[in-house]
Amino acid sequence: MDDDNDNDMALLVIVDAANVVGSVPDGWWRDRRGAAERLRDRLAADGLPESLGPVEIVLVVEGAARGVEPVPGVRVEAASGSGDDRIVELAAAAGARPRLVVTADRELRRRVTELGADVTGPRAVRG
């Protein structure tokens, strides 16, 4: 099996970087890009702890966090506008593939569940 087919079978985990980083008042606002990079590195090291199978992790960044580079195990998508809109686009483009969006944003949760995605809160990836 090639990597593309493996990714089609893997759970697509779309992480709302701004929402996850903002869920803990640890001074992230002083260095949004650095906070997003620390989240990316934690995702690369730990993956999705509760997952029982293969996952593809996509970290969606926006604003001052744009420019965060991908690393092995974590694809980074820089939203040109709203990070929420980019997350919805990614969830919609995945079609019937299993998708999990990591966010606490109520409106975003509603939008992606209407597309058939599952949702979990930031604690799932905060460690």
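Val13 stands opposite Leu100 of strand β4, in a predicted model whose strands (E, at least two residues) and helices (H or I, at least four) are DSSP runs numbered from the N terminus. This is one position in the parallel pairing of β1 with β4 (residues 99-102), which extends over 4 bridges, where two strands are said to pair if DSSP finds at least two bridges between them. β1 also pairs in the parallel sense with β2 (residues 55-61), here over 6 bridges, and in that pairing Leu11 has Val55 as its bridge partner. Of the 6 residues of β1 (residues 11-16), 5 are buried, so this strand is largely enclosed by the rest of the structure; buried means under 20% relative accessible area, with exposed over 50% and partly exposed in between, for a 1.4 Å probe and protein chains only.

These pairings belong to an open sheet of 5 strands in the order β3-β2-β1-β4-β5, with parallel pairing. Its edge strands, each pairing on one side only, are β3 (74-78) and β5 (118-120). Neighbouring strands of the sheet are turned against each other by 25 degrees on average, direction ignored. Towards the β3 edge, β2 and β3 run parallel and are joined by 5 bridges, with Val61 having Ala78 of β3 as its bridge partner.

Helix α3 (residues 32-46) packs on the sheet, touching β1, β2 and β3, and its direction makes about 180 degrees with that of β2; contact means heavy atoms within 4.5 Å, while axes are lines fitted to C-alpha atoms, for helices over the stretch in contact, and angles run from 0 to 180 degrees between N-to-C directions. Helix α5 lies across β1, β4 and β5, running at about 155 degrees to β5.

The axes of α4 (residues 83-93) and α5 (residues 106-113) come within 10 Å and cross at roughly 20 degrees. That angle makes α4 roughly parallel to α5, the term for angles under 35 degrees, whereas over 145 counts as roughly antiparallel, 65 to 115 as roughly perpendicular and the rest as oblique. In this contact Asp84, Asp85, Ile87, Val88 and Ala91 of α4 meet Leu108, Arg111 and Val112 of α5. By class, the contact has 5 nonpolar, no polar and 3 charged residues.

Residues are numbered from 1 along each chain as its sequence is written, and side-chain values use heavy atoms, with hydrogens and water left out. Because the model is predicted, local features need pLDDT of at least 70 and side-chain atom pairs count only at pLDDT 80 or more, whereas totals for chains, interfaces and linings use all residues.

Notes. Nonpolar A, V, L, I, M, F, W, Y, C, P; charged D, E, K, R; others polar.
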